[in-house]
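Here are my comments on the model you sent. Please read them with the structure open.

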Amino acid sequence: MEIKNTLQEIFRDILDIDDLVLDNKTSASDIEEWDSLAHINLVVAIEREYQIKFGLGELQDLKNIEDMINIISNKIK
Amino acid sequence: MKDEVLNIIYQKLPMQEKKINLLFKEFPQMELDLEEFLSNYKKFMELENISIEDIANAYLDMLEQVFFCRKEFIYTGKYYIENQNIAFENIYNNEKVMTNYMLALALSQFLWKHHYQIFNYYKSIVQNFTNSSNILEVGSGHGLFLLEILKQNENLNDIDVVDISKSSIRMTQNILKTMKSDYLSKISFYNYDINLYNTDKKYDFITMGEVLEHVNDPLSILKSLFILLNHDGELFITTCANCPAIDHVYLFNNIEEVRSLIKQAGFRIKSELIAPSTNKSEKYLEKNKVDISYAALLTK
């Protein structure tokens, strides 16, 4: 829950949508502003927030919020 | 052919499907232009033994590189390489890498909004030259810009191409060879750095697409072109701000910096096009350092 809330704040900031609400299944196809350019900015903001780095292979797996939460939890264990 | 290429791209990068479908909706002609480009390139691809998978993979590789370079750029505020010689050794001088890169860039003319808009702006400029008899292109790259001049101006037969990359020249020659038999005979190719290109000739029209961001000293290039341009000639340039790529070395932080360089070299801006890669507010573009393509028609 905590990671999801943090992600929500990051997404709101990067995508410039103040009232955005994320759930586990939210994916790029649900949010118009989540395009490939925004994706890079989101990835960097997440890396900075959690002081982690995603590998190139992992980046393609970040398809929805649940994927993101899983990968982040594994990295910050 | 278009669907085959796109399906390979979508399979590997599903996010591209959403982006490209939105673009085709916004610019219905884009889809048709993509198909036409691929069918025009077909003979060239056969000649060079390039398959549909190869062109799709070249594009996917470029996206991965752009992703990597953009990430670095957001972290550091700088481009990944800072010396043009490194780009020359790693890319322009490497036959295989250069061919793939040019294929991917050619495809991007029909899959990236800002590239497509710039290309259309260029097409409108080179339609039926009335006052130009000789033409210089600096950096022919994937050959698409040169091809457009040839297609629109059947009577032109004094065209010079100066390119620092042998691979790029070879690729352009092969593309032209497979398009129309007399195209090659109209063009002289010179494998030079434009600053070292020595001629007494003055050109009526010079075109230089995406070169300024590839060199350490773009002002010196513009000054060289100033000398090469006729007193009433026109120079068409394109470049970009905040556009990290594996071979971009000179960072324009905004379009005003490009304009300032143009004026410093002595040119006047006759018309221009500013094309951000995404439809977002000014605030968003600045905050996220979104890449912006720029094209301008310049006079003395």
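The points below cover chain B as a whole, then one of its helices, then its contact with chain A.

1. Status. This is a predicted model. Please keep that in mind for every point that follows.

2. Overall fold of chain B. Chain B has 12 helices and 7 strands. Its C-alpha atoms fill a box of roughly 50 × 45 × 35 Å along the principal axes.

3. Compactness. Chain B has 300 residues, and a compact globule of that length would have a radius of gyration near 19 Å. The value for chain B is 18 Å, which agrees.

4. Interior. Of the 300 residues in chain B, 40% are buried. Take the contacts in chain B with a separation of 6 or more: 78% of them join residues 24 or more positions apart.

5. Helix H8 of chain B. This helix spans residues 144-152. Which of its residues are buried? They are B:Leu144, B:Phe145, B:Leu146, B:Ile149 and B:Leu150. These buried residues pack against three helices and three strands of chain B, listed here:
- helix H6 (95-108), helix H7 (113-126) and helix H9 (166-179);
- strand E1 (135-138), strand E2 (159-162) and strand E4 (203-209).

6. Contact between the chains. Chain B brings 16 residues to the contact, and chain A brings 13 residues. On the chain B side, helix H2 (14-26) and helix H4 (52-76) each supply at least two residues. H4(B) gives the most, with 6 residues.

7. Character of that side. How does the side of chain B that touches chain A divide by class? It has 7 nonpolar, 4 polar and 5 charged residues.

Terms used: Residues are numbered from 1 along each chain as its sequence is written. Chains are lettered from A and ligands numbered from 1 in the order in which they are written. This is a predicted model: local features need pLDDT of at least 70, side-chain atom pairs count only at pLDDT 80 or more; totals for chains, interfaces and linings use all residues. Two residues are in contact if their C-beta atoms, placed from the backbone, lie within 7 Å. Helices (H or I, at least four residues) and strands (E, at least two) are DSSP runs, numbered from the N terminus. Ala, Val, Leu, Ile, Met, Phe, Trp, Tyr, Cys and Pro count as nonpolar, Asp, Glu, Lys and Arg as charged, and the others, Gly among them, as polar. A residue is buried if 20 or more other C-beta atoms lie within 10 Å of its own, exposed if 12 or fewer, and partly exposed in between; C-beta atoms are placed from the backbone. The radius of gyration is taken over C-alpha atoms; the globule rule is 2.2 Å times the number of residues to the power 0.38.
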